[in-house]
Amino acid sequence: MHLIKIGAEARIELVNWGGITCIRKSRIPKKYRDPGLDQILRSRRTKQEAEMIHTAKSLGVNAPYLYYVNPDTAEIIMQRVHGFHLKDGETGKGANLQGLYFKLGESCARLHSGGIVHGDLTTKNVIVSGDDDLFLIDYGLSFFSDRVEDKAEDLHLLKQALRSSSPSRSATVLFNSSIQGYESIQGEKKVREILEQIAEIEERGRYARVD
Amino acid sequence: MYKAPEGSGIHPREASRHHSQVSGDVIEKAIREAGVAIGDLDFVAYSAGPGLGPCLRIGAVVARSLASYYNKPLVPVNHAIGHIELGKRLTGLEDPMVLLISGGHTALAGLQKEGWRIFGETLDLTLGQLLDQLGRYFGLSSPAGPAIEKLAATGRETGQLISLPYVVKGNDVSYSGLLSAAKELHSRGSSREAVSYSVQEYAFAMLTEATERALAFADNQSLLVTGGVAANQRLAAMLNEMCAERGVKLGVIAKQFAGDCGSQIGAAGLDLFHRGLKVEPIYGFIKQSWRLDRVNLGSVSPSG
(Lines give C-alpha, C1' and ligand atoms only; values in the text may rest on other atoms or scores of the structure.)
Protein backbone atom coordinates (compact mmCIF):
# COMPACT_ATOMS: atom_id res chain seq x y z
CA MET A 1 0.00 0.00 0.00
CA HIS A 2 1.38 3.31 -1.07
CA LEU A 3 -0.18 6.66 -0.37
CA ILE A 4 -0.48 8.88 -3.42
CA LYS A 5 -2.26 11.80 -1.86
CA ILE A 6 -4.77 12.98 0.71
CA GLY A 7 -7.19 15.48 -0.75
CA ALA A 8 -9.82 17.55 0.99
CA GLU A 9 -12.24 14.68 0.85
CA ALA A 10 -10.50 11.38 0.17
CA ARG A 11 -7.33 9.40 0.52
CA ILE A 12 -5.86 7.96 -2.69
CA GLU A 13 -3.61 4.91 -2.37
CA LEU A 14 -1.99 2.33 -4.60
CA VAL A 15 -2.99 -1.17 -3.52
CA ASN A 16 -2.42 -4.71 -4.69
CA TRP A 17 -5.75 -6.19 -5.71
CA GLY A 18 -5.52 -9.81 -6.77
CA GLY A 19 -2.09 -9.29 -8.23
CA ILE A 20 -2.95 -6.03 -10.00
CA THR A 21 -1.82 -2.63 -8.86
CA CYS A 22 -4.94 -0.53 -8.43
CA ILE A 23 -6.08 2.75 -6.96
CA ARG A 24 -8.07 2.75 -3.73
CA LYS A 25 -10.07 5.88 -3.08
CA SER A 26 -11.43 6.15 0.48
CA ARG A 27 -13.56 9.04 1.63
CA ILE A 28 -12.23 10.18 4.99
CA PRO A 29 -14.59 10.51 7.97
CA LYS A 30 -14.81 14.11 9.13
CA LYS A 31 -15.02 14.63 12.87
CA TYR A 32 -16.36 18.15 12.66
CA ARG A 33 -19.77 17.02 11.44
CA ASP A 34 -22.45 14.84 13.01
CA PRO A 35 -21.44 11.14 12.63
CA GLY A 36 -24.77 10.18 11.11
CA LEU A 37 -24.52 12.97 8.53
CA ASP A 38 -20.90 12.05 7.87
CA GLN A 39 -21.78 8.44 7.12
CA ILE A 40 -24.67 9.42 4.82
CA LEU A 41 -22.52 11.86 2.84
CA ARG A 42 -19.58 9.50 2.39
CA SER A 43 -21.76 6.57 1.47
CA ARG A 44 -23.95 8.56 -0.92
CA ARG A 45 -20.99 10.11 -2.67
CA THR A 46 -19.23 6.78 -3.07
CA LYS A 47 -22.30 5.32 -4.74
CA GLN A 48 -22.74 8.42 -6.88
CA GLU A 49 -19.15 8.40 -8.08
CA ALA A 50 -19.33 4.72 -9.01
CA GLU A 51 -22.58 5.35 -10.86
CA MET A 52 -21.08 8.29 -12.71
CA ILE A 53 -18.06 6.31 -13.84
CA HIS A 54 -20.30 3.52 -15.08
CA THR A 55 -22.59 5.91 -16.95
CA ALA A 56 -19.62 7.77 -18.45
CA LYS A 57 -18.40 4.53 -19.97
CA SER A 58 -21.81 3.76 -21.39
CA LEU A 59 -21.68 7.17 -23.10
CA GLY A 60 -18.40 6.34 -24.81
CA VAL A 61 -16.05 8.17 -22.46
CA ASN A 62 -12.97 6.32 -21.22
CA ALA A 63 -13.08 6.02 -17.42
CA PRO A 64 -11.33 3.74 -14.92
CA TYR A 65 -12.55 0.17 -14.55
CA LEU A 66 -14.24 -0.42 -11.20
CA TYR A 67 -13.15 -3.50 -9.23
CA TYR A 68 -14.81 -2.93 -5.87
CA VAL A 69 -17.31 -0.45 -4.44
CA ASN A 70 -18.28 -0.37 -0.76
CA PRO A 71 -20.61 2.49 0.28
CA ASP A 72 -20.47 1.51 3.96
CA THR A 73 -16.73 1.95 4.18
CA ALA A 74 -16.83 4.63 1.46
CA GLU A 75 -14.17 2.83 -0.61
CA ILE A 76 -13.73 2.40 -4.33
CA ILE A 77 -11.01 0.22 -5.85
CA MET A 78 -10.49 1.10 -9.47
CA GLN A 79 -8.14 0.67 -12.40
CA ARG A 80 -4.90 2.58 -12.32
CA VAL A 81 -4.79 4.32 -15.69
CA HIS A 82 -1.25 4.51 -17.08
CA GLY A 83 -0.20 7.56 -19.03
CA PHE A 84 0.54 11.19 -18.44
CA HIS A 85 -1.76 13.94 -17.14
CA LEU A 86 -2.85 16.25 -19.94
CA LYS A 87 -1.61 19.07 -17.72
CA ASP A 88 1.96 17.71 -17.95
CA GLY A 89 1.59 17.16 -21.69
CA GLU A 90 1.70 20.86 -22.20
CA THR A 91 5.46 20.95 -22.14
CA GLY A 92 5.77 17.82 -24.28
CA LYS A 93 3.99 16.87 -27.40
CA GLY A 94 3.43 20.19 -29.18
CA ALA A 95 1.56 19.59 -32.42
CA ASN A 96 -0.40 16.68 -31.04
CA LEU A 97 -1.78 18.76 -28.16
CA GLN A 98 -4.48 20.34 -30.27
CA GLY A 99 -5.66 16.88 -31.28
CA LEU A 100 -5.79 15.85 -27.65
CA TYR A 101 -7.79 18.89 -26.64
CA PHE A 102 -10.16 18.26 -29.54
CA LYS A 103 -10.72 14.76 -28.12
CA LEU A 104 -11.25 16.26 -24.69
CA GLY A 105 -13.99 18.44 -26.10
CA GLU A 106 -15.57 15.37 -27.68
CA SER A 107 -15.48 13.46 -24.38
CA CYS A 108 -16.96 16.38 -22.48
CA ALA A 109 -19.73 16.64 -25.08
CA ARG A 110 -20.51 12.94 -24.73
CA LEU A 111 -20.81 13.29 -20.96
CA HIS A 112 -23.08 16.27 -21.33
CA SER A 113 -25.25 14.53 -23.89
CA GLY A 114 -25.96 11.92 -21.21
CA GLY A 115 -26.79 14.59 -18.64
CA ILE A 116 -23.56 14.24 -16.71
CA VAL A 117 -21.61 17.27 -15.59
CA HIS A 118 -18.05 16.35 -14.61
CA GLY A 119 -17.69 19.14 -12.05
CA ASP A 120 -13.89 19.21 -11.92
CA LEU A 121 -12.70 19.29 -15.50
CA THR A 122 -9.15 20.46 -14.97
CA THR A 123 -6.22 19.13 -16.97
CA LYS A 124 -4.96 17.14 -14.02
CA ASN A 125 -8.09 14.97 -14.26
CA VAL A 126 -7.41 13.96 -17.85
CA ILE A 127 -4.97 11.12 -18.51
CA VAL A 128 -3.51 10.43 -21.95
CA SER A 129 -2.93 6.71 -22.25
CA GLY A 130 -1.34 4.49 -24.87
CA ASP A 131 -2.49 5.48 -28.34
CA ASP A 132 -3.66 8.98 -27.41
CA ASP A 133 -6.64 7.51 -25.60
CA LEU A 134 -8.11 10.10 -23.27
CA PHE A 135 -9.31 9.00 -19.83
CA LEU A 136 -11.44 11.28 -17.69
CA ILE A 137 -10.90 10.55 -14.00
CA ASP A 138 -12.11 11.83 -10.62
CA TYR A 139 -15.88 11.92 -10.76
CA GLY A 140 -16.11 12.95 -7.11
CA LEU A 141 -17.81 16.22 -7.96
CA SER A 142 -19.91 14.92 -10.83
CA PHE A 143 -23.66 15.24 -10.86
CA PHE A 144 -26.62 14.82 -13.18
CA SER A 145 -27.78 18.01 -14.85
CA ASP A 146 -29.17 19.25 -18.14
CA ARG A 147 -28.74 22.93 -17.30
CA VAL A 148 -26.69 24.98 -19.73
CA GLU A 149 -25.18 26.84 -16.78
CA ASP A 150 -23.75 23.64 -15.28
CA LYS A 151 -22.33 22.45 -18.61
CA ALA A 152 -20.82 25.87 -19.19
CA GLU A 153 -19.18 25.68 -15.76
CA ASP A 154 -17.41 22.48 -16.87
CA LEU A 155 -15.86 24.19 -19.87
CA HIS A 156 -15.27 27.39 -17.96
CA LEU A 157 -13.22 25.52 -15.40
CA LEU A 158 -11.19 23.96 -18.19
CA LYS A 159 -10.61 27.41 -19.64
CA GLN A 160 -9.46 28.70 -16.23
CA ALA A 161 -7.14 25.72 -15.76
CA LEU A 162 -5.55 26.34 -19.16
CA ARG A 163 -5.19 30.06 -18.50
CA SER A 164 -3.45 29.60 -15.20
CA SER A 165 -0.92 27.08 -16.51
CA SER A 166 -0.17 28.12 -20.10
CA PRO A 167 0.88 31.31 -21.90
CA SER A 168 -2.31 33.03 -23.00
CA ARG A 169 -2.01 32.44 -26.74
CA SER A 170 -1.63 28.67 -26.47
CA ALA A 171 -4.35 28.56 -23.81
CA THR A 172 -6.76 30.15 -26.28
CA VAL A 173 -5.74 27.85 -29.13
CA LEU A 174 -6.10 24.74 -27.02
CA PHE A 175 -9.43 25.82 -25.58
CA ASN A 176 -10.72 26.47 -29.08
CA SER A 177 -9.66 22.95 -30.06
CA SER A 178 -11.77 21.63 -27.20
CA ILE A 179 -14.71 23.75 -28.31
CA GLN A 180 -14.39 22.39 -31.84
CA GLY A 181 -14.33 18.85 -30.48
CA TYR A 182 -17.41 19.63 -28.41
CA GLU A 183 -19.19 21.08 -31.42
CA SER A 184 -18.46 17.99 -33.50
CA ILE A 185 -20.65 16.02 -31.08
CA GLN A 186 -23.21 18.53 -29.84
CA GLY A 187 -23.60 20.83 -32.82
CA GLU A 188 -23.20 24.52 -33.43
CA LYS A 189 -26.35 25.72 -31.70
CA LYS A 190 -25.52 24.05 -28.37
CA VAL A 191 -21.96 25.33 -28.52
CA ARG A 192 -23.08 28.89 -29.08
CA GLU A 193 -25.41 28.65 -26.09
CA ILE A 194 -22.58 27.40 -23.92
CA LEU A 195 -20.12 30.03 -25.09
CA GLU A 196 -22.66 32.74 -24.29
CA GLN A 197 -23.16 31.26 -20.85
CA ILE A 198 -19.41 31.14 -20.25
CA ALA A 199 -19.20 34.80 -21.19
CA GLU A 200 -21.94 35.51 -18.65
CA ILE A 201 -20.12 33.59 -15.93
CA GLU A 202 -16.97 35.55 -16.64
CA GLU A 203 -18.91 38.80 -16.67
CA ARG A 204 -20.31 37.97 -13.27
CA GLY A 205 -16.73 38.00 -12.14
CA ARG A 206 -16.97 34.95 -9.95
CA TYR A 207 -13.24 34.50 -10.38
CA ALA A 208 -10.77 37.37 -10.34
CA ARG A 209 -9.64 38.60 -13.72
CA VAL A 210 -6.07 37.69 -14.53
CA ASP A 211 -5.94 39.48 -17.91
CA MET B 1 -28.78 50.62 16.18
CA TYR B 2 -31.80 50.24 13.95
CA LYS B 3 -34.19 47.60 15.29
CA ALA B 4 -36.62 45.96 12.90
CA PRO B 5 -40.08 44.99 14.17
CA GLU B 6 -40.51 41.31 15.10
CA GLY B 7 -40.93 38.92 12.19
CA SER B 8 -39.68 41.37 9.60
CA GLY B 9 -36.31 42.37 8.24
CA ILE B 10 -34.57 45.68 7.76
CA HIS B 11 -36.73 48.12 5.82
CA PRO B 12 -34.34 50.27 3.78
CA ARG B 13 -36.32 53.48 4.01
CA GLU B 14 -37.09 53.11 7.71
CA ALA B 15 -33.50 52.20 8.48
CA SER B 16 -32.14 55.16 6.51
CA ARG B 17 -34.54 57.45 8.30
CA HIS B 18 -33.25 56.11 11.59
CA HIS B 19 -29.64 56.63 10.48
CA SER B 20 -30.22 60.26 9.52
CA GLN B 21 -31.92 60.93 12.84
CA VAL B 22 -29.25 59.45 15.08
CA SER B 23 -26.03 60.05 13.15
CA GLY B 24 -25.37 63.43 14.72
CA ASP B 25 -25.70 62.07 18.26
CA VAL B 26 -23.63 58.97 17.52
CA ILE B 27 -20.76 60.99 16.06
CA GLU B 28 -20.86 63.47 18.92
CA LYS B 29 -20.78 60.63 21.47
CA ALA B 30 -17.88 58.90 19.71
CA ILE B 31 -15.82 62.08 19.56
CA ARG B 32 -16.50 62.80 23.21
CA GLU B 33 -15.59 59.25 24.35
CA ALA B 34 -12.40 59.38 22.29
CA GLY B 35 -11.47 62.57 24.03
CA VAL B 36 -10.64 64.44 20.83
CA ALA B 37 -12.05 67.35 18.85
CA ILE B 38 -13.27 66.95 15.27
CA GLY B 39 -10.45 69.18 14.13
CA ASP B 40 -7.97 66.56 15.38
CA LEU B 41 -9.18 63.94 12.92
CA ASP B 42 -6.87 62.93 10.08
CA PHE B 43 -9.55 61.70 7.69
CA VAL B 44 -13.15 60.61 7.41
CA ALA B 45 -13.84 57.06 6.27
CA TYR B 46 -17.27 55.72 5.38
CA SER B 47 -18.80 52.53 4.00
CA ALA B 48 -19.33 53.07 0.29
CA GLY B 49 -20.88 49.61 -0.28
CA PRO B 50 -22.05 47.03 -0.78
CA GLY B 51 -25.31 47.47 1.13
CA LEU B 52 -28.76 49.01 1.11
CA GLY B 53 -28.83 52.09 -1.12
CA PRO B 54 -30.77 54.50 1.12
CA CYS B 55 -28.67 53.62 4.16
CA LEU B 56 -25.36 53.90 2.32
CA ARG B 57 -26.46 57.26 1.00
CA ILE B 58 -27.05 58.68 4.46
CA GLY B 59 -23.62 57.53 5.60
CA ALA B 60 -21.96 58.96 2.51
CA VAL B 61 -23.72 62.32 2.86
CA VAL B 62 -22.80 62.65 6.52
CA ALA B 63 -19.19 61.67 5.82
CA ARG B 64 -18.95 63.99 2.86
CA SER B 65 -20.40 66.89 4.84
CA LEU B 66 -18.00 66.38 7.72
CA ALA B 67 -15.03 66.02 5.37
CA SER B 68 -15.78 69.13 3.38
CA TYR B 69 -16.77 71.29 6.35
CA TYR B 70 -13.69 70.38 8.39
CA ASN B 71 -11.46 70.11 5.34
CA LYS B 72 -10.44 66.48 5.90
CA PRO B 73 -9.66 63.82 3.26
CA LEU B 74 -12.52 61.44 2.49
CA VAL B 75 -11.85 57.68 2.32
CA PRO B 76 -14.56 55.46 0.79
CA VAL B 77 -14.29 51.89 2.08
CA ASN B 78 -15.61 48.56 0.81
CA HIS B 79 -17.73 47.03 3.57
CA ALA B 80 -16.41 43.49 3.10
CA ILE B 81 -12.82 44.65 3.19
CA GLY B 82 -13.73 46.39 6.43
CA HIS B 83 -14.63 43.04 8.03
CA ILE B 84 -11.45 41.51 6.64
CA GLU B 85 -9.06 44.28 7.69
CA LEU B 86 -10.46 44.42 11.20
CA GLY B 87 -10.26 40.63 11.40
CA LYS B 88 -6.63 40.63 10.30
CA ARG B 89 -5.73 43.28 12.82
CA LEU B 90 -7.43 41.58 15.73
CA THR B 91 -6.24 38.03 14.99
CA GLY B 92 -2.76 38.93 13.76
CA LEU B 93 -3.08 36.63 10.73
CA GLU B 94 -1.14 38.01 7.79
CA ASP B 95 -2.11 36.24 4.59
CA PRO B 96 -5.01 33.98 5.44
CA MET B 97 -7.77 32.42 3.45
CA VAL B 98 -10.75 34.50 4.47
CA LEU B 99 -14.18 33.11 5.31
CA LEU B 100 -16.50 36.10 5.32
CA ILE B 101 -19.93 35.26 6.70
CA SER B 102 -22.64 37.80 7.37
CA GLY B 103 -26.06 38.84 6.19
CA GLY B 104 -24.55 40.35 3.10
CA HIS B 105 -21.75 37.91 2.35
CA THR B 106 -20.84 34.25 2.37
CA ALA B 107 -17.58 33.86 0.55
CA LEU B 108 -14.14 32.30 0.69
CA ALA B 109 -11.56 34.78 -0.53
CA GLY B 110 -7.82 35.15 -0.83
CA LEU B 111 -5.73 38.19 -1.57
CA GLN B 112 -3.61 37.87 -4.70
CA LYS B 113 -1.45 40.32 -6.58
CA GLU B 114 -4.20 41.39 -8.94
CA GLY B 115 -6.80 41.68 -6.22
CA TRP B 116 -9.16 39.59 -4.16
CA ARG B 117 -10.06 36.22 -5.61
CA ILE B 118 -13.24 34.43 -4.62
CA PHE B 119 -12.53 30.71 -4.21
CA GLY B 120 -16.07 29.79 -3.26
CA GLU B 121 -19.36 31.43 -2.32
CA THR B 122 -23.02 30.91 -1.83
CA LEU B 123 -25.04 30.28 -4.96
CA ASP B 124 -28.12 31.89 -3.40
CA LEU B 125 -28.67 32.86 0.25
CA THR B 126 -25.92 34.02 2.55
CA LEU B 127 -25.54 32.20 5.85
CA GLY B 128 -26.74 35.30 7.67
CA GLN B 129 -29.83 35.46 5.50
CA LEU B 130 -30.55 31.77 6.07
CA LEU B 131 -30.44 32.10 9.85
CA ASP B 132 -32.23 35.44 9.88
CA GLN B 133 -35.05 34.32 7.61
CA LEU B 134 -35.52 31.17 9.64
CA GLY B 135 -35.74 33.32 12.75
CA ARG B 136 -38.21 35.70 11.18
CA TYR B 137 -40.28 32.71 10.11
CA PHE B 138 -40.35 31.71 13.78
CA GLY B 139 -41.62 35.21 14.60
CA LEU B 140 -38.35 36.40 16.14
CA SER B 141 -36.89 39.83 15.55
CA SER B 142 -34.10 40.52 13.15
CA PRO B 143 -31.13 39.92 13.37
CA ALA B 144 -32.23 36.47 14.50
CA GLY B 145 -28.87 34.66 14.36
CA PRO B 146 -28.16 34.73 18.12
CA ALA B 147 -31.69 33.51 18.91
CA ILE B 148 -31.33 30.62 16.44
CA GLU B 149 -28.00 29.73 18.05
CA LYS B 150 -29.71 29.51 21.46
CA LEU B 151 -32.55 27.37 20.11
CA ALA B 152 -30.04 25.13 18.39
CA ALA B 153 -28.05 24.64 21.58
CA THR B 154 -31.21 23.40 23.28
CA GLY B 155 -32.04 21.21 20.30
CA ARG B 156 -28.57 19.72 20.42
CA GLU B 157 -29.22 18.40 23.89
CA THR B 158 -32.04 16.23 22.61
CA GLY B 159 -29.71 15.08 19.84
CA GLN B 160 -32.51 15.02 17.31
CA LEU B 161 -30.81 15.71 13.97
CA ILE B 162 -33.37 15.82 11.17
CA SER B 163 -32.34 15.12 7.60
CA LEU B 164 -32.20 18.23 5.35
CA PRO B 165 -30.92 19.07 1.84
CA TYR B 166 -27.11 19.22 1.82
CA VAL B 167 -25.85 21.09 -1.24
CA VAL B 168 -22.16 21.68 -1.90
CA LYS B 169 -20.97 22.17 -5.49
CA GLY B 170 -17.20 22.31 -5.50
CA ASN B 171 -16.34 25.24 -3.26
CA ASP B 172 -19.84 26.72 -3.47
CA VAL B 173 -22.83 26.17 -1.19
CA SER B 174 -26.55 26.58 -1.75
CA TYR B 175 -28.93 27.31 1.13
CA SER B 176 -32.32 28.03 -0.42
CA GLY B 177 -33.38 24.37 -0.45
CA LEU B 178 -32.30 24.04 3.15
CA LEU B 179 -34.43 27.01 4.20
CA SER B 180 -37.53 25.76 2.40
CA ALA B 181 -37.15 22.29 3.88
CA ALA B 182 -36.65 23.73 7.37
CA LYS B 183 -39.84 25.78 7.17
CA GLU B 184 -41.68 22.70 5.91
CA LEU B 185 -40.37 20.64 8.83
CA HIS B 186 -41.59 23.18 11.34
CA SER B 187 -45.01 23.48 9.74
CA ARG B 188 -45.29 19.70 10.02
CA GLY B 189 -44.69 19.79 13.76
CA SER B 190 -40.94 19.68 14.40
CA SER B 191 -39.92 21.96 17.27
CA ARG B 192 -38.06 25.21 16.73
CA GLU B 193 -35.20 23.76 18.73
CA ALA B 194 -34.86 20.61 16.60
CA VAL B 195 -35.18 22.57 13.36
CA SER B 196 -32.64 25.21 14.45
CA TYR B 197 -30.20 22.53 15.56
CA SER B 198 -30.53 20.62 12.28
CA VAL B 199 -30.29 23.74 10.12
CA GLN B 200 -27.11 24.81 11.88
CA GLU B 201 -25.48 21.38 11.72
CA TYR B 202 -26.20 21.06 8.02
CA ALA B 203 -25.47 24.66 7.00
CA PHE B 204 -22.25 24.79 8.99
CA ALA B 205 -21.06 21.38 7.78
CA MET B 206 -21.62 22.49 4.20
CA LEU B 207 -19.64 25.63 4.77
CA THR B 208 -16.85 23.79 6.59
CA GLU B 209 -16.55 21.36 3.70
CA ALA B 210 -16.38 24.15 1.13
CA THR B 211 -13.79 25.89 3.28
CA GLU B 212 -11.69 22.73 3.56
CA ARG B 213 -11.77 22.32 -0.21
CA ALA B 214 -10.73 25.91 -0.78
CA LEU B 215 -7.90 25.60 1.74
CA ALA B 216 -6.65 22.44 0.02
CA PHE B 217 -6.90 24.05 -3.42
CA ALA B 218 -5.10 27.25 -2.45
CA ASP B 219 -2.74 25.38 -0.14
CA ASN B 220 -3.24 28.02 2.53
CA GLN B 221 -1.98 27.51 6.08
CA SER B 222 -4.26 29.93 7.91
CA LEU B 223 -7.95 30.80 7.99
CA LEU B 224 -9.58 34.04 9.10
CA VAL B 225 -13.28 33.98 9.97
CA THR B 226 -14.99 37.35 10.02
CA GLY B 227 -18.40 38.95 9.58
CA GLY B 228 -21.48 38.79 11.80
CA VAL B 229 -21.95 35.01 11.76
CA ALA B 230 -18.37 34.56 13.02
CA ALA B 231 -19.91 35.16 16.44
CA ASN B 232 -21.66 31.79 16.30
CA GLN B 233 -19.85 29.46 18.71
CA ARG B 234 -21.03 26.22 17.11
CA LEU B 235 -19.66 27.26 13.72
CA ALA B 236 -16.38 28.33 15.27
CA ALA B 237 -16.10 24.94 16.97
CA MET B 238 -16.67 23.07 13.69
CA LEU B 239 -14.13 25.15 11.84
CA ASN B 240 -11.71 24.71 14.71
CA GLU B 241 -12.03 20.92 14.47
CA MET B 242 -11.47 20.96 10.70
CA CYS B 243 -8.49 23.27 10.94
CA ALA B 244 -6.91 21.24 13.73
CA GLU B 245 -7.10 18.11 11.58
CA ARG B 246 -5.50 19.90 8.67
CA GLY B 247 -2.88 21.74 10.69
CA VAL B 248 -4.30 25.08 9.59
CA LYS B 249 -4.08 28.07 11.93
CA LEU B 250 -7.52 29.46 12.71
CA GLY B 251 -8.32 33.03 13.69
CA VAL B 252 -11.92 34.02 14.50
CA ILE B 253 -12.71 37.68 14.96
CA ALA B 254 -13.75 38.60 18.51
CA LYS B 255 -17.50 38.43 19.04
CA GLN B 256 -18.03 42.12 19.76
CA PHE B 257 -16.33 43.07 16.50
CA ALA B 258 -17.88 40.39 14.29
CA GLY B 259 -21.02 42.26 13.24
CA ASP B 260 -21.19 45.54 11.37
CA CYS B 261 -19.38 48.23 13.34
CA GLY B 262 -17.56 51.49 12.83
CA SER B 263 -14.23 49.89 13.70
CA GLN B 264 -14.23 47.80 10.54
CA ILE B 265 -14.63 50.89 8.38
CA GLY B 266 -11.95 52.60 10.43
CA ALA B 267 -9.57 49.66 10.05
CA ALA B 268 -9.92 49.47 6.28
CA GLY B 269 -9.91 53.26 6.03
CA LEU B 270 -6.65 53.42 7.95
CA ASP B 271 -5.01 51.01 5.53
CA LEU B 272 -6.19 52.99 2.50
CA PHE B 273 -5.22 56.32 4.03
CA HIS B 274 -1.71 55.11 4.83
CA ARG B 275 -1.33 54.14 1.18
CA GLY B 276 -2.35 57.62 0.17
CA LEU B 277 -5.73 56.55 -1.18
CA LYS B 278 -8.38 59.17 -0.56
CA VAL B 279 -10.76 61.38 -2.54
CA GLU B 280 -12.00 64.93 -2.59
CA PRO B 281 -15.40 65.09 -0.85
CA ILE B 282 -17.00 65.94 -4.17
CA TYR B 283 -15.99 62.49 -5.46
CA GLY B 284 -17.62 60.54 -2.68
CA PHE B 285 -19.71 57.67 -4.07
CA ILE B 286 -21.79 54.70 -3.06
CA LYS B 287 -22.04 51.34 -4.79
CA GLN B 288 -24.88 49.05 -3.68
CA SER B 289 -23.48 45.99 -5.41
CA TRP B 290 -19.76 45.88 -5.02
CA ARG B 291 -18.21 42.45 -5.28
CA LEU B 292 -15.00 41.83 -3.39
CA ASP B 293 -13.32 40.52 -6.50
CA ARG B 294 -14.14 43.78 -8.31
CA VAL B 295 -12.37 45.99 -5.81
CA ASN B 296 -9.49 47.88 -7.34
CA LEU B 297 -6.63 47.64 -4.84
CA GLY B 298 -4.69 50.51 -6.29
CA SER B 299 -7.29 53.22 -6.01
CA VAL B 300 -10.40 54.21 -4.12
CA SER B 301 -12.61 54.51 -7.14
CA PRO B 302 -14.97 51.60 -7.75
CA SER B 303 -13.84 49.38 -10.60
CA GLY B 304 -15.73 47.12 -12.94
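Q: Is Lys151(A) buried or exposed in this predicted model?
A: Lys151(A) is found in helix H4 (residues 148–165) of chain A. Around Lys151(A), 27 other C-beta atoms lie within 10 Å. The cut-off for a buried residue is 20 or more. Lys151(A) is therefore buried.

Q: Which residues does Lys151(A) touch, not counting residues up to four places away in sequence?
A: Residues up to four places away in sequence are left out of the list. With that condition, Lys151(A) touches His112(A), Val117(A) and Ile194(A).

Q: How far apart in space are Lys151(A) and Ile198(A), C-alpha to C-alpha?
A: In sequence, 47 residues separate Lys151(A) and Ile198(A). In space, C-alpha to C-alpha, the separation is 9.3 Å.

Q: Why is one side of strand S1 and of strand S4 of chain A left without a neighbour in the sheet?
A: The sheet is open, has five strands and runs in the order S1-S2-S3-S5-S4 (chain A), with antiparallel pairing. Strand S1 (2–6) and strand S4 (66–70) of chain A stand at its edges. One side of each is free because each has a single partner strand.

Q: By what angle are neighbouring strands of the sheet S1-S2-S3-S5-S4 (chain A) turned against each other on average?
A: The strands of this open sheet pair in the antiparallel sense. The angle is taken with direction ignored. On average, neighbouring strands are turned by 20°.

Q: Which residue of S5(A) stands opposite Cys22(A)?
A: Strand S3 (residues 20–27) and strand S5 (residues 75–79) of chain A pair antiparallel over five bridges. Opposite Cys22(A), in S5(A), stands Gln79(A).

Q: Which strands of the sheet does helix H1 of chain A touch?
A: Helix H1 (residues 35–58) of chain A packs on the sheet. Its direction makes about 155° with that of S4(A). The strands touched are S3, S4 and S5 of chain A.

Q: Which element gives the largest share of the side of domain 1 of chain A that touches domain 2 of chain A?
A: Chain A is assigned domain 1 (2–79) and domain 2 (84–203), with C-alpha centres 23 Å apart. The contact takes 14 residues from domain 1 of chain A and 14 residues from domain 2 of chain A. On the domain 1 side, the largest share is six residues, and they come from H1(A).

Q: Which strands are the edge strands of the sheet S6-S8-S9 (chain A)?
A: This open sheet has three strands with antiparallel pairing. Two bridges join S6(A) to strand S8 (residues 126–129) of chain A, and His85(A) stands opposite Ile127(A) there. The edge strands, each pairing on one side only, are strand S6 (84–85) and strand S9 (133–136) of chain A.

Q: How many residues does chain B give to the contact with chain A?
A: Chain A brings 17 residues. By class, these are eight nonpolar, four polar and five charged residues. Chain B brings 23 residues.

Q: What distance separates the centres of domain 1 and domain 2 of chain B?
A: Domain 1 of chain B is assigned in two segments, 12–81 + 260–294, and domain 2 of chain B covers 93–258. The centres are taken over C-alpha atoms. The distance is 29 Å.

Q: What unit do S8(B), helix H8 and S9(B) make?
A: Strand S8 (residues 222–226) of chain B and S9(B) pair in the parallel sense over four bridges. The bridge partner of Ser222(B) is Lys249(B). With helix H8 (residues 233–246) of chain B, the two strands make a right-handed β-α-β unit.

Q: Which side chains of strand S9 of chain B are buried?
A: Side chains alternate along strand S9 (residues 249–252) of chain B. Lys249(B) and Gly251(B) point to one face and are not buried. The buried ones, pointing to the other face, are Leu250(B) and Val252(B).

Q: Where is Pro50(B) found?
A: A cis peptide bond, with omega about -5°, joins Gly49(B) and Pro50(B). Most peptide bonds are trans. Pro50(B) is found in the loop between strand S1 (44–49) and helix H2 (53–69) of chain B.

Q: Is Asn71(B) buried or exposed?
A: Asn71(B) is not a glycine, but has a positive phi of about 55°. Asn71(B) lies in the loop between H2 and strand S2 (74–78) of chain B. With 8 other C-beta atoms within 10 Å, Asn71(B) is exposed.

Conventions:
Residues numbered from 1 in each chain as written. Chains lettered and ligands numbered in written order. Predicted model: local features only at pLDDT ≥ 70, side-chain atom pairs only at ≥ 80, totals over all residues. Buried ≥ 20, exposed ≤ 12 C-beta atoms within 10 Å, placed from the backbone. Pairing = 2+ DSSP bridges. Right-handed = clockwise from strand over helix to strand, strands pointing away. Axes fitted to C-alpha atoms, helices over the stretch in contact; angles between N-to-C directions. Contact = placed C-beta atoms within 7 Å. Nonpolar A, V, L, I, M, F, W, Y, C, P; charged D, E, K, R; others polar. Domains from an automatic or database assignment.
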